[in-house]
Amino acid sequence: MTTAPDDPTTALPGRPPIVDPATWQAARDELLVREKAHTREGDAIAAARRRLPMVEFDGTVEVVGPDGPVPFLDLFQGRDELVVYKHMWYDGAPHQGQCEGCTTTAWHLKDAVYLNARGVSFAIVTTGRWDEVASFVDFMGYTQPWYSVRDVAAPVGGDMGYLTCFLRDGDRVFLTYSTTARGNESANGSLGLLDMTPYGRREAWEDDPEGWPEAPQAGAPVGGHGAPICWYWRTDADGNATWGPTGRPVPQWTRPGATPVETLGRQGHHC
């Protein structure tokens with residue numbers, strides 16, 4: 001039986017309209033046309049990205065890892081291509097005081113086996129002192145290669161919160177691509193999956209139907225565009241968004257026995 005979307009006896013408030021399978025399929029097919037166009041445009045952008053020029057720099061510049069100072073060239077692990085995530089860092093902050101957005105990104109990049117199989121290496125760099133970085137990496141249980149680029153100039157160091165790509169030709173090293181902000185979303189598969197769900201990410205900037213659940217606002221700071229910043233990336237033990245002393249980046253709550261035993265040790269948060 002077909003159910004009219006606006007039938008008050010069957011419509012469910014705050015949920016998609018209820019229809020029969022044929023009506024659903026017709027609407028799905030109509031959206032598919034737009035999705036295919038979006039995919040093709042993404043392919044065209046990727047093609048243009050592959051045609052960007054590149055910048056050569058000194059690949060012998062040293063970064064610090066578990067074995068001490070090593071040349072940046074070592075991050076390629078003998079491969080020709082390298083993807084680097086530049087993780088924000090707050091000096092002296094406890095583990096739960098580090099960037100919630102970067103922690104979530106790094107959590108989604110714990111395994112680079114498929115990149116490696118395609119001849120691409122992966123590493124994370126940050127500006128923290130190596131002793132602090134090593135403690136954080138151990139606490140989080142990360143297995144990716146991490147390095148400190150403290151006092152190292154761009155493109156190896158510089159501003160953090162970026163995904164950056166490099167190419168090697170023997171001992172010559174080149175910067176080929178860099179992106180930040182929502183450009184980093186390709187590293188976070190959860191966001192793409194949330195975009196497929198009825199309620200999406202539940203962020204204030206999203207275009208939702210009337211009556212949809214509002215984005216959680218309580219306790220969330222307000223960003224430059226009037227929307228909460230990364231509200232779902234830092235929570236208390238009960239999953240409530242908070243930037244207070246009981247807050248941790250969400251992945252840290254998956255650790256057995258995780259407790260907010262210290263204050264954050266820093267003021268202001270961004271991602």
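Before anything else, a contact here means heavy atoms within 4.5 Å. Hi everyone, and thanks for coming. What I have today is a predicted model, and I'd like to walk you through it from the inside out.

Let's start with helix H2. The buried residues of H2 pack against strand E4 (81-87), strand E5 (120-126) and helix H4 (130-140), and also against strands E6 (146-148), E9 (234-235) and E10 (248-249). How many of the eight residues of H2 are buried? Seven of them, so this helix, residues 100-107, is largely enclosed by the rest of the structure. If you want to pick them out on screen, select Glu100, Gly101, Cys102, Thr103, Thr104, Thr105 and Ala106.

Staying with H2 for a moment, look at Gln144, which sits in the loop between H4 and E6. Its side chain reaches the backbone oxygen of Ala106 at 2.9 Å. Beyond residues up to four places away in sequence, Gln144 touches Ala106, Leu109, Lys110, Phe122 and Ile124. Is Gln144 buried or exposed? With a relative accessibility of 7%, Gln144 counts as buried, because the cut-off for that is under 20%.

There is another glutamine I'd like you to see, Gln252, in the segment after E10. Gln252 counts as buried too, at 0% relative accessibility. A polar atom of the Gln252 side chain lies 3.1 Å from the backbone oxygen of His95.

Now the cysteines. The structure holds zero disulfides. Why is there no bond at Cys99? The closest cysteine sulfur to the one in Cys99 belongs to Cys102, and at 3.7 Å it is too far for a bond, because a disulfide needs the two sulfurs within 2.5 Å. Cys99 itself is buried, with 0% relative accessibility. Cys165, on the other hand, counts as partly exposed at 23%.

On to the nonpolar core. As a general point, in soluble globular proteins nonpolar side chains tend to be buried together. Here, the largest nonpolar core has 41 residues, and those with the most contacts inside it are Phe72, Leu75, Leu82 and Trp146. At least two residues of this core come from each of E4, H2, E5, H4, E6 and strand E7 (162-169). Take Phe72 as an example: setting aside neighbours within four places in sequence, Phe72 is in contact with Phe57, Gly59, Thr60, Val61, Leu82, Val156, Phe166 and Val173.

Let me zoom out to the whole chain. The protein has five helices and ten strands. Of its 271 residues, 39% count as buried. Among contacts with a separation of 6 or more, 57% are between residues 24 or more positions apart.

One helix I haven't shown yet is H1, residues 21-50. H1 has 30 residues and reaches 42 Å from its first C-alpha to its last, close to the 44 Å expected at 1.5 Å a residue. What caps the N-terminal end of H1? That is Asp20, with a side-chain oxygen 3.0 Å from the backbone nitrogen of Ala22.

Just ahead on the chain, in the segment before H1, we find Arg15. Arg15 is partly exposed, with a relative accessible area of 47%. Arg15 and Pro209 are 194 residues apart in sequence, and their C-alphas are 9.0 Å apart in space. Neighbours within four places aside, Arg15 is in contact with Tyr199 and Trp212.

Asn240 is also partly exposed, at 43% relative accessibility. You'll find Asn240 in the loop between E9 and E10. Not counting residues up to four places away in sequence, Asn240 touches Arg234 and Thr235.

Finally, a word on confidence, since I expect some of you will want to compute on this. The mean pLDDT of the protein is 87, and 84% of its residues reach 70 or more. Over residues 222-227 the pLDDT is below 50, and this stretch has five contacts in the model beyond near neighbours in sequence. Residues 266-271 are also below 50, and that stretch has 23 contacts beyond near neighbours in sequence.

That's my tour. Thanks for listening, and I'm happy to go back to any part of it.

Definitions and conventions. Residues numbered from 1 in each chain as written. Predicted model: local features only at pLDDT ≥ 70, side-chain atom pairs only at ≥ 80, totals over all residues. Heavy atoms only, no water. Buried < 20%, exposed > 50% of the residue type's maximum accessible area, 1.4 Å probe, protein only. Helix = DSSP H or I, 4+ residues; strand = E, 2+ residues; numbered from the N terminus. pLDDT = per-residue confidence, 0-100. Polar contact = N/O pair within 3.5 Å; in protein donor to acceptor, adjacent residues only side chain to side chain. Expected span 1.5 Å × (residues − 1). Core = buried A, V, L, I, M, F, W, Y, C linked by side-chain atoms within 4.5 Å.
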